[in-house]
Amino acid sequence: MQNSEAMALSAALLAVAGDLTQRIHDGVTARGFTDLRPAHGFAFARLAPDGATVTDLAAHLGVTKQAASQLVDEVVRKGYAERRPHPQDARARLVVLTERGWACTRAAEEAAAEVVGVWAGLLGEREVRALGERLARIAPYGPIRPAW
């Protein structure tokens, strides 16, 4: 692959990722969650399974513990998450989604499905599945971080 082709592919992937992030955010906003930024969605993705500590969240987002703590303060204040005692570490607090946080997460999933549905309309269901499989083969394992 020529350098110019690699740059064109890189640009296309970055454009798709940025567009997907924005469309999911727009879908979340349209569903009534108007007080969030896309960065909150990246945090919710880490909190959703079983909660996380501020340290876990900082590593996931690629930010300092202070920045993650500020983000947690914000989503707690807005009612999307709450702090609980950590079940294995008495010194730590576990940040978990509230029902409002889960509702927002479901709204993001619905918005993502709508975007992928548009892709299926353009490329066909089979091609979108193949694209997903190919991207999964080359995608790095680990957190999905926002492009700050």
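Modeller: By salt bridge I mean a side-chain nitrogen of Lys or Arg within 4 Å of a carboxyl oxygen of Asp or Glu. This is a predicted model: local features need pLDDT of at least 70, side-chain atom pairs count only at pLDDT 80 or more, and totals for chains, interfaces and linings use all residues. Numbering starts from 1 along each chain as its sequence is written, and side-chain values use heavy atoms, without hydrogens and water.

Colleague: OK, which residue does arginine 84 meet in a salt bridge?

Modeller: Arginine 84 is partly exposed (20% to 50% relative accessible area; buried is under 20%, exposed over 50%; 1.4 Å probe, protein chains only). Its partner is partly exposed too, at 30%. With N to O at 2.7 Å, that partner is glutamate 82.

Colleague: And is threonine 98 buried or exposed?

Modeller: Threonine 98 sits in the loop between strand E2 (93-97) and helix H5 (99-123). Beyond neighbours within four places in sequence, its contacts (heavy atoms within 4.5 Å) are Gly79, Tyr80, Ala81 and Glu82. Its relative accessibility is 16%, so threonine 98 counts as buried.

Colleague: What separates arginine 23 and aspartate 19 along helix H1?

Modeller: They form a salt bridge, with the closest N and O atoms 2.8 Å apart. Both lie in helix H1 (residues 3-30), and because they are four residues apart, the separation is about one helical turn.

Colleague: How many salt bridges does a search of the whole structure find?

Modeller: One of them joins arginine 106 and glutamate 99 at 2.7 Å, N to O. Arg31, Glu110 and Glu114 are linked in a network. The search of the whole structure gives a count of twelve.

Technical notes. Helix = DSSP H or I, 4+ residues; strand = E, 2+ residues; numbered from the N terminus.
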